[in-house]
Amino acid sequence: MALFEKKISKPIFKDFADKDIDNIFFSENEHAEMHKVDGKNMLVVFEELEIKERSAHWEAGAKQNFDTGLYKATTIIHVKVKDYGQKPKSGKLIVLDAGTDHKRTYIIISCEEAAGVYRMKLERTRQ
């Protein structure tokens, strides 16, 4: 063995997983879509979207429900930690697509971090 021989290490699973997160999971051709999140453009993967209509009553030709809103929308998004920045806390407001016709403001219900990705559960109530 030579004095300055460089030992080559074999790649491990994490090496491949990190590349898959960038090249496949966050690929605009596969799962991700470009959105503006809190003023920054980044790739976002939406996991699910659920809309629950709240109980309300009709009065004067309009649906009335002032205490709980007309519906509650819940969605889960995935963003890269390096794109978003510091981990947000539960209860923080997050704005998606500000400055467009699709602007939505949500409350962060929970945020988990794994493999360099935030998984945020978001909720909004529509009045």
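**Strands, cores and salt bridges**

Q: His35 is found in strand β1, which covers residues 33-37. Is His35 buried or exposed?
A: Keep in mind that this is a predicted model. The cut-off for buried is under 20% relative accessible area. His35 comes in at 15%, so His35 counts as buried.

Q: Which side chains make polar contacts with the side chain of His35?
A: Leaving aside neighbours within four places in sequence, His35 is in contact with Lys40, Asn41, Met42, Val44, Phe46 and Asp97. From that list, Asp97 also has a side-chain polar contact with His35, at 2.9 Å. Another polar contact, again 2.9 Å, links the His35 side chain to that of Glu33. The names you're after are Asp97 and Glu33.

Q: What order do the helices and strands follow along the sequence?
A: The protein chain has two helices and eight strands. Read along the sequence, the pattern is α-β-β-β-β-β-α-β-β-β.

Q: Among contacts between residues at least 6 apart in sequence, what share joins residues at least 24 apart?
A: A contact here is a pair of residues with heavy atoms within 4.5 Å. With the starting set limited to pairs at least 6 apart, the share that joins residues at least 24 apart is 51%.

Q: Which strands each supply at least two residues of the largest nonpolar core?
A: That core has 14 residues, and those with the most contacts inside it are Val37, Ile77, Val79, Tyr84, Ile94, Met120 and Leu122. The strands that each supply at least two of its residues are β2 (40-53), β5 (71-80), β6 (93-96), β7 and β8 (117-126).

Q: Which residues does Tyr84 touch, not counting those up to four places away in sequence?
A: Tyr84 is one of the residues with the most contacts inside the largest nonpolar core. Its partners include Val37, Val79, Ile94 and Met120, and those four are also on the list of best-connected core residues. The full set is Val37, Asp38, Lys40, Met42, Val79, Lys92, Ile94, Tyr118 and Met120.

Q: How many residues make up the second, separate core?
A: Phe26, Ala32, Val45 and Val117 are among its members. The count for this second core is six.

Q: How far apart in sequence are the parts tied together by the Asp38 and Lys92 salt bridge?
A: The closest N and O atoms of this pair are 2.7 Å apart. Asp38 is partly exposed at 29% relative accessibility, and Lys92 is partly exposed too, at 31%. Asp38 lies in the loop between β1 and β2, while Lys92 lies in the loop between α2 (81-84) and β6, so the parts they tie together are separated in sequence by 54 residues.

Q: Which two strands does the Glu47 and Arg119 salt bridge tie together?
A: Their side chains meet at 3.1 Å, N to O. Glu47 is partly exposed at 39%, and Arg119 is partly exposed at 27%. The two parts are 72 residues apart in sequence, and the strands are β2 and β8.

Q: Which residue forms a salt bridge with Lys72?
A: Lys72 lies in strand β5, and its partner lies in strand β8, so the pair ties together parts that are 51 residues apart in sequence. Lys72 is partly exposed at 22% relative accessibility. The closest N and O atoms are 3.9 Å apart, inside the 4 Å cut-off for a salt bridge. The partner is Glu123.

Q: What is the C-alpha to C-alpha distance between Lys103 and Lys36?
A: Lys103 lies in the loop between β6 and β7, and at 44% relative accessibility it counts as partly exposed. Lys103 and Lys36 are 67 residues apart in sequence, but in space their C-alpha separation is 9.1 Å.

Q: Which residues make the nonpolar surface patch of about 250 Å²?
A: A patch residue needs over 30% relative accessible area. Ile109, in strand β7 (residues 104-114), is partly exposed with 35%. The patch is made by Ile109, Ile107 and Leu93.

Q: What percentage of the accessible surface belongs to carbon and sulfur atoms?
A: Buried residues make up 27% of the 127 residues in the protein chain. The accessible surface comes to about 9300 Å², and the carbon and sulfur part of it is 52%.

Terms used: Residues are numbered from 1 along each chain as its sequence is written. This is a predicted model: local features need pLDDT of at least 70, side-chain atom pairs count only at pLDDT 80 or more; totals for chains, interfaces and linings use all residues. Side-chain values use heavy atoms; hydrogens and water are left out. Patches are made of residues with over 30% relative accessible area and no salt bridge: like charges are joined within 9 Å, nonpolar side chains (Val, Leu, Ile, Met, Phe, Trp, Tyr) within 5 Å. Accessible areas come from the Shrake-Rupley method with a 1.4 Å probe; for residues, only the protein chains shown count as cover. Helices (H or I, at least four residues) and strands (E, at least two) are DSSP runs, numbered from the N terminus. Buried means under 20% relative accessible area, exposed over 50%, partly exposed in between (1.4 Å probe, protein chains only). A nonpolar core is a set of buried Ala, Val, Leu, Ile, Met, Phe, Trp, Tyr and Cys residues joined through side-chain atoms within 4.5 Å. A polar contact is a pair of N or O atoms within 3.5 Å; within protein, one must be able to donate a hydrogen and the other to accept it, and residues adjacent in sequence count only if both atoms are side-chain atoms.
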